[in-house]
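This report describes a predicted model. The ligand site is taken up before the two sheets.

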Amino acid sequence: MSILVVGSVAFDSVETPFGKAEEVLGGSATYFSTSASFFTGVNLVAVVGEDFPDEHIAGLKGKGIDLAGLKKVPGKTFRWKGYYGYDLNQAHTLETHLNVFSSFNPEVPAAYREAPFVFLANIDPELQMKVLDQVKKPKLVACDTMNFWIEGKPDALKELLRRVDLFVINEGEARELSKEASLVKAAKVIMGYGPRVLIIKRGEYGALMFTASSMFAAPAYPLEEIFDPTGAGDTFAGGLMGYLANTENITEENIRRAIIYGSVMASFNVEAFSLQRLHTLKPAEIKDRYYEFRRLTQFEDI
Ligand code: AMP
(Lines give C-alpha, C1' and ligand atoms only; values in the text may rest on other atoms or scores of the structure.)
Protein backbone atom coordinates (compact mmCIF):
# COMPACT_ATOMS: atom_id res chain seq x y z
CA MET A 1 0.00 0.00 0.00
CA SER A 2 1.29 3.46 -0.79
CA ILE A 3 1.83 6.42 1.50
CA LEU A 4 0.70 9.99 1.01
CA VAL A 5 3.16 12.50 2.46
CA VAL A 6 3.18 16.28 2.79
CA GLY A 7 6.18 18.17 4.13
CA SER A 8 9.09 20.38 3.17
CA VAL A 9 11.30 19.98 0.11
CA ALA A 10 14.25 22.24 0.79
CA PHE A 11 17.75 23.48 0.27
CA ASP A 12 19.74 23.00 3.47
CA SER A 13 22.98 24.64 4.54
CA VAL A 14 24.47 22.62 7.36
CA GLU A 15 27.63 22.72 9.43
CA THR A 16 28.74 19.91 11.75
CA PRO A 17 32.09 19.47 13.56
CA PHE A 18 33.07 17.21 10.64
CA GLY A 19 32.32 19.41 7.64
CA LYS A 20 29.80 21.62 5.95
CA ALA A 21 27.40 21.56 3.02
CA GLU A 22 25.81 24.57 1.29
CA GLU A 23 22.39 24.57 -0.36
CA VAL A 24 22.11 20.82 -0.64
CA LEU A 25 18.90 18.89 -1.14
CA GLY A 26 16.95 18.49 2.11
CA GLY A 27 13.48 18.86 3.58
CA SER A 28 11.34 16.67 5.79
CA ALA A 29 9.29 15.24 2.90
CA THR A 30 12.40 14.61 0.79
CA TYR A 31 14.12 12.51 3.47
CA PHE A 32 10.87 10.78 4.39
CA SER A 33 9.94 9.86 0.80
CA THR A 34 13.39 8.65 -0.15
CA SER A 35 13.58 6.44 2.94
CA ALA A 36 10.02 5.08 2.56
CA SER A 37 10.61 4.37 -1.15
CA PHE A 38 12.78 1.39 -0.14
CA PHE A 39 9.62 -0.26 1.23
CA THR A 40 6.58 1.00 -0.68
CA GLY A 41 5.15 3.53 -3.16
CA VAL A 42 5.15 7.16 -2.04
CA ASN A 43 2.93 10.02 -3.25
CA LEU A 44 4.45 13.39 -2.43
CA VAL A 45 2.56 16.67 -1.91
CA ALA A 46 4.82 19.72 -1.60
CA VAL A 47 5.95 22.88 -3.36
CA VAL A 48 9.28 24.06 -4.75
CA GLY A 49 10.37 27.30 -6.41
CA GLU A 50 11.70 27.93 -9.90
CA ASP A 51 15.22 27.54 -8.56
CA PHE A 52 14.68 23.81 -7.87
CA PRO A 53 16.79 21.88 -10.40
CA ASP A 54 15.42 19.17 -12.67
CA GLU A 55 18.19 16.83 -11.52
CA HIS A 56 16.62 16.70 -8.01
CA ILE A 57 13.20 16.01 -9.53
CA ALA A 58 14.75 13.22 -11.60
CA GLY A 59 16.47 11.84 -8.48
CA LEU A 60 13.16 11.60 -6.60
CA LYS A 61 11.41 10.08 -9.63
CA GLY A 62 14.28 7.61 -9.93
CA LYS A 63 13.34 6.33 -6.47
CA GLY A 64 9.83 5.64 -7.79
CA ILE A 65 8.30 8.58 -5.85
CA ASP A 66 5.10 9.86 -7.48
CA LEU A 67 5.42 13.63 -7.93
CA ALA A 68 1.93 14.45 -9.29
CA GLY A 69 1.40 16.48 -6.09
CA LEU A 70 4.71 18.38 -6.23
CA LYS A 71 4.11 21.92 -7.51
CA LYS A 72 6.76 24.19 -9.00
CA VAL A 73 5.73 27.84 -8.62
CA PRO A 74 7.35 31.27 -9.08
CA GLY A 75 9.58 32.14 -6.12
CA LYS A 76 12.29 30.46 -4.10
CA THR A 77 12.39 26.98 -2.62
CA PHE A 78 12.22 26.60 1.21
CA ARG A 79 15.63 27.08 2.82
CA TRP A 80 16.95 25.97 6.21
CA LYS A 81 20.34 26.76 7.69
CA GLY A 82 21.61 25.12 10.85
CA TYR A 83 24.57 23.71 12.71
CA TYR A 84 25.39 20.95 15.17
CA GLY A 85 28.02 21.01 17.91
CA TYR A 86 29.55 17.84 19.33
CA ASP A 87 26.11 16.99 20.72
CA LEU A 88 24.78 15.77 17.40
CA ASN A 89 21.33 15.21 18.91
CA GLN A 90 20.72 18.93 19.02
CA ALA A 91 20.16 20.87 15.77
CA HIS A 92 20.59 24.64 16.08
CA THR A 93 18.55 26.58 13.56
CA LEU A 94 20.21 29.71 12.18
CA GLU A 95 17.74 30.58 9.42
CA THR A 96 14.34 29.35 8.21
CA HIS A 97 12.99 30.82 4.97
CA LEU A 98 9.57 29.39 4.18
CA ASN A 99 9.60 31.10 0.74
CA VAL A 100 7.08 29.30 -1.55
CA PHE A 101 5.62 27.42 1.44
CA SER A 102 4.27 30.67 2.95
CA SER A 103 1.53 30.88 0.30
CA PHE A 104 1.18 27.17 -0.48
CA ASN A 105 -2.34 25.77 -0.68
CA PRO A 106 -1.86 22.01 -0.94
CA GLU A 107 -4.08 20.16 -3.37
CA VAL A 108 -4.16 16.41 -2.99
CA PRO A 109 -4.52 14.83 -6.45
CA ALA A 110 -7.76 12.79 -6.73
CA ALA A 111 -5.79 9.57 -7.16
CA TYR A 112 -4.15 10.05 -3.72
CA ARG A 113 -7.28 10.80 -1.69
CA GLU A 114 -7.98 7.25 -0.63
CA ALA A 115 -4.44 6.76 0.64
CA PRO A 116 -4.55 4.27 3.53
CA PHE A 117 -1.31 5.60 5.08
CA VAL A 118 -0.80 9.33 5.53
CA PHE A 119 2.33 10.99 6.88
CA LEU A 120 2.25 14.67 7.74
CA ALA A 121 5.97 15.42 7.79
CA ASN A 122 7.29 18.47 9.58
CA ILE A 123 5.75 21.63 8.06
CA ASP A 124 3.18 24.26 9.12
CA PRO A 125 0.44 22.37 11.04
CA GLU A 126 -2.17 24.37 9.10
CA LEU A 127 -0.85 22.84 5.86
CA GLN A 128 -0.75 19.41 7.49
CA MET A 129 -4.44 19.84 8.37
CA LYS A 130 -5.34 21.03 4.85
CA VAL A 131 -3.95 17.77 3.50
CA LEU A 132 -5.80 15.73 6.09
CA ASP A 133 -9.06 17.51 5.17
CA GLN A 134 -8.76 16.13 1.62
CA VAL A 135 -8.25 12.43 2.38
CA LYS A 136 -10.92 9.81 3.02
CA LYS A 137 -10.70 7.48 6.02
CA PRO A 138 -7.02 6.55 6.13
CA LYS A 139 -6.02 3.43 8.04
CA LEU A 140 -3.24 5.33 9.81
CA VAL A 141 -2.45 9.05 10.11
CA ALA A 142 0.98 9.88 11.49
CA CYS A 143 2.75 13.19 11.90
CA ASP A 144 5.93 14.94 12.99
CA THR A 145 6.70 18.54 13.95
CA MET A 146 9.51 20.68 15.40
CA ASN A 147 10.17 23.53 17.83
CA PHE A 148 9.60 26.14 15.09
CA TRP A 149 5.90 25.13 14.92
CA ILE A 150 5.50 24.25 18.63
CA GLU A 151 6.49 27.84 19.38
CA GLY A 152 4.96 29.50 16.30
CA LYS A 153 1.62 27.68 15.90
CA PRO A 154 0.81 25.85 19.15
CA ASP A 155 -2.99 26.02 18.77
CA ALA A 156 -3.00 24.68 15.21
CA LEU A 157 -0.63 21.91 16.28
CA LYS A 158 -2.94 20.84 19.12
CA GLU A 159 -5.94 20.92 16.79
CA LEU A 160 -4.03 18.68 14.37
CA LEU A 161 -3.00 16.22 17.09
CA ARG A 162 -6.66 15.48 17.84
CA ARG A 163 -6.82 13.89 14.37
CA VAL A 164 -3.56 11.93 14.45
CA ASP A 165 -3.09 8.24 15.38
CA LEU A 166 0.69 8.11 15.62
CA PHE A 167 2.93 11.04 16.52
CA VAL A 168 6.72 11.05 16.15
CA ILE A 169 8.60 13.83 17.87
CA ASN A 170 12.11 14.26 19.18
CA GLU A 171 13.01 14.25 22.83
CA GLY A 172 13.66 17.97 23.32
CA GLU A 173 10.49 18.87 21.47
CA ALA A 174 8.42 16.39 23.50
CA ARG A 175 9.61 18.18 26.65
CA GLU A 176 8.92 21.59 25.15
CA LEU A 177 5.42 20.65 23.97
CA SER A 178 4.39 18.97 27.22
CA LYS A 179 6.31 21.25 29.61
CA GLU A 180 7.41 18.10 31.45
CA ALA A 181 11.03 17.03 32.04
CA SER A 182 10.25 13.33 32.52
CA LEU A 183 9.61 11.64 29.18
CA VAL A 184 7.06 9.32 30.79
CA LYS A 185 5.07 12.30 32.05
CA ALA A 186 5.59 14.10 28.73
CA ALA A 187 4.18 11.08 26.90
CA LYS A 188 1.03 11.11 29.05
CA VAL A 189 0.47 14.80 28.39
CA ILE A 190 1.05 14.48 24.63
CA MET A 191 -1.14 11.39 24.27
CA GLY A 192 -3.83 13.38 26.06
CA TYR A 193 -3.81 15.68 22.97
CA GLY A 194 -4.98 12.78 20.77
CA PRO A 195 -2.41 10.30 19.41
CA ARG A 196 -2.81 6.72 20.64
CA VAL A 197 0.79 5.87 19.75
CA LEU A 198 3.67 8.21 20.53
CA ILE A 199 7.24 7.67 19.38
CA ILE A 200 9.91 9.84 20.96
CA LYS A 201 13.13 9.99 18.91
CA ARG A 202 16.24 10.27 21.04
CA GLY A 203 19.01 10.60 18.41
CA GLU A 204 21.99 8.43 19.28
CA TYR A 205 20.04 6.99 22.23
CA GLY A 206 17.36 5.42 20.04
CA ALA A 207 13.59 5.72 20.29
CA LEU A 208 10.82 5.11 22.81
CA MET A 209 7.29 4.08 21.94
CA PHE A 210 4.36 4.72 24.24
CA THR A 211 0.82 3.35 23.93
CA ALA A 212 -1.95 3.54 26.54
CA SER A 213 -0.75 0.28 28.10
CA SER A 214 2.89 -0.29 27.09
CA MET A 215 6.37 1.08 26.47
CA PHE A 216 9.01 -0.11 24.01
CA ALA A 217 12.63 1.01 23.79
CA ALA A 218 14.86 0.61 20.72
CA PRO A 219 18.53 1.56 20.65
CA ALA A 220 20.20 3.51 17.87
CA TYR A 221 22.86 1.64 15.91
CA PRO A 222 26.24 2.46 17.48
CA LEU A 223 28.11 4.06 14.58
CA GLU A 224 31.79 4.85 14.69
CA GLU A 225 31.39 7.91 12.51
CA ILE A 226 28.47 10.28 12.07
CA PHE A 227 28.84 13.07 9.52
CA ASP A 228 25.49 14.82 9.48
CA PRO A 229 22.38 14.05 11.57
CA THR A 230 20.15 16.27 9.40
CA GLY A 231 17.11 14.34 8.25
CA ALA A 232 17.65 11.44 10.65
CA GLY A 233 14.19 11.96 12.15
CA ASP A 234 12.45 12.06 8.77
CA THR A 235 14.44 9.09 7.49
CA PHE A 236 13.44 7.21 10.65
CA ALA A 237 9.79 8.04 9.99
CA GLY A 238 10.16 6.95 6.34
CA GLY A 239 11.46 3.52 7.32
CA LEU A 240 8.81 3.16 10.03
CA MET A 241 5.85 4.12 7.83
CA GLY A 242 7.29 2.39 4.76
CA TYR A 243 7.47 -0.89 6.64
CA LEU A 244 3.95 -0.49 8.09
CA ALA A 245 2.50 0.27 4.65
CA ASN A 246 4.42 -2.58 3.04
CA THR A 247 3.20 -5.11 5.59
CA GLU A 248 -0.29 -3.52 5.90
CA ASN A 249 -0.20 -4.30 9.59
CA ILE A 250 -0.53 -1.71 12.34
CA THR A 251 -0.54 -3.98 15.38
CA GLU A 252 1.74 -2.95 18.22
CA GLU A 253 4.00 -5.93 17.52
CA ASN A 254 4.50 -4.77 13.95
CA ILE A 255 5.03 -1.15 14.97
CA ARG A 256 7.92 -2.42 17.14
CA ARG A 257 9.52 -4.03 14.07
CA ALA A 258 8.82 -0.87 12.06
CA ILE A 259 10.70 1.18 14.68
CA ILE A 260 13.75 -1.02 14.08
CA TYR A 261 13.48 -0.48 10.31
CA GLY A 262 13.18 3.26 10.98
CA SER A 263 16.29 3.12 13.15
CA VAL A 264 18.15 1.16 10.46
CA MET A 265 17.33 3.78 7.82
CA ALA A 266 18.30 6.69 10.11
CA SER A 267 21.61 4.99 10.92
CA PHE A 268 22.54 4.97 7.23
CA ASN A 269 21.40 8.52 6.59
CA VAL A 270 23.75 10.09 9.16
CA GLU A 271 26.81 8.51 7.51
CA ALA A 272 26.97 11.29 4.86
CA PHE A 273 25.68 14.81 4.13
CA SER A 274 22.27 15.44 2.55
CA LEU A 275 20.70 12.34 0.96
CA GLN A 276 23.98 10.96 -0.39
CA ARG A 277 23.94 7.75 1.63
CA LEU A 278 20.29 7.00 0.87
CA HIS A 279 21.13 7.34 -2.82
CA THR A 280 23.76 4.60 -2.72
CA LEU A 281 21.97 2.35 -0.21
CA LYS A 282 21.10 -1.21 -1.29
CA PRO A 283 18.14 -3.26 0.05
CA ALA A 284 20.54 -6.03 1.16
CA GLU A 285 22.36 -3.53 3.43
CA ILE A 286 19.03 -2.67 5.09
CA LYS A 287 18.30 -6.32 5.80
CA ASP A 288 21.83 -6.94 7.16
CA ARG A 289 21.66 -4.02 9.55
CA TYR A 290 18.17 -5.06 10.69
CA TYR A 291 19.66 -8.41 11.78
CA GLU A 292 22.57 -6.60 13.45
CA PHE A 293 19.97 -4.66 15.45
CA ARG A 294 18.42 -7.93 16.53
CA ARG A 295 21.77 -9.27 17.71
CA LEU A 296 22.51 -5.97 19.45
CA THR A 297 19.43 -6.23 21.66
CA GLN A 298 19.26 -9.99 22.19
CA PHE A 299 19.95 -11.53 25.59
CA GLU A 300 19.08 -14.81 27.19
CA ASP A 301 17.19 -15.11 30.44
CA ILE A 302 18.69 -17.50 32.99
P1 AMP B 1 15.26 16.29 10.92
O2 AMP B 1 14.83 14.93 10.44
O3 AMP B 1 14.48 16.73 12.11
O4 AMP B 1 16.74 16.44 11.04
O5 AMP B 1 14.78 17.31 9.78
C6 AMP B 1 15.67 18.01 8.96
C7 AMP B 1 14.95 18.66 7.79
O8 AMP B 1 13.87 19.50 8.26
C9 AMP B 1 15.88 19.56 7.02
O10 AMP B 1 16.20 18.95 5.79
C11 AMP B 1 15.13 20.89 6.85
O12 AMP B 1 15.05 21.29 5.51
C13 AMP B 1 13.74 20.60 7.39
N14 AMP B 1 13.21 21.72 8.20
C15 AMP B 1 13.89 22.52 9.06
N16 AMP B 1 13.07 23.43 9.62
C17 AMP B 1 11.83 23.20 9.12
C18 AMP B 1 10.54 23.81 9.31
N19 AMP B 1 10.35 24.84 10.14
N20 AMP B 1 9.49 23.29 8.62
C21 AMP B 1 9.67 22.23 7.79
N22 AMP B 1 10.84 21.63 7.55
C23 AMP B 1 11.91 22.11 8.20
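## Ligand site and sheets

The ligand has 20 residues around it, and of these S8, D12, G27, G231 and D234 come nearest. Three polar contacts with oxygen atoms of the ligand are listed below.

| Residue | Protein atom | Distance to a ligand oxygen atom |
|---|---|---|
| D12 | polar side-chain atom | 2.5 Å |
| G27 | polar backbone atom | 2.7 Å |
| G233 | backbone N or O atom | 3.1 Å |

The protein buries 90% of the 510 Å² that the ligand exposes when taken alone.

By class, the shell around the ligand consists of 10 nonpolar, 8 polar and 2 charged residues. Four elements each supply at least two residues of this shell: the strands β2 (10-16) and β6 (78-83), and the helices α4 (147-152) and α8 (232-247). The most comes from α8, which gives 3 residues.

The next part concerns the sheet against which α8 lies. This open sheet is formed by 9 strands with mixed pairing, in the order β5-β4-β1-β8-β9-β10-β11-β12-β13. At its edges stand β5 (66-73) and β13 (215-218); each has a single partner strand, so one side of each is left without a neighbour in the sheet. On average, neighbouring strands here are turned by 15° against each other, direction ignored.

In general, the strands of a sheet pair through backbone hydrogen bonds, in either a parallel or an antiparallel way. Strand β12 (residues 207-210) and the edge strand β13 run antiparallel and are joined by 4 bridges. Within this pair, A207 stands opposite A218 of β13.

Helix α8, which supplies 3 residues to the shell around the ligand, lies across β1 (3-6), β8 (117-120), β9 (140-144), β10 (166-170), β11 (197-201) and β12. The direction of α8 is at about 170° to that of β8.

Which strands make up the open sheet that contains β2 and β6? The sheet has 4 strands, in the order β3-β2-β6-β7, and its pairing is mixed. Its edge strands, β3 (19-26) and β7 (92-97), each pair on one side only. From one strand to the next, the twist averages 10°.

Strands β6 and β7 run antiparallel and are joined by 5 bridges. K81 has E95 in β7 as its bridge partner. Helix α1 (residues 28-36) packs on this sheet and touches β2 and β3. The direction of α1 makes about 80° with that of β3.

Both sheets have a link to the ligand site. From the sheet of 4 strands, β2 and β6 each supply at least two residues of the shell. On the sheet of 9 strands, the link is α8, which lies across six of the named strands, β8 and β12 among them, and gives the most to the shell.

Key. Residues numbered from 1 in each chain as written. Predicted model: local features only at pLDDT ≥ 70, side-chain atom pairs only at ≥ 80, totals over all residues. Heavy atoms only, no water. Near = heavy atom within 4 Å. Polar contact = N/O pair within 3.5 Å; in protein donor to acceptor, adjacent residues only side chain to side chain. Areas by Shrake-Rupley, 256 points an atom, 1.4 Å probe, with all protein chains shown as cover. Nonpolar A, V, L, I, M, F, W, Y, C, P; charged D, E, K, R; others polar. Pairing = 2+ DSSP bridges. Axes fitted to C-alpha atoms, helices over the stretch in contact; angles between N-to-C directions. Contact = heavy atoms within 4.5 Å.
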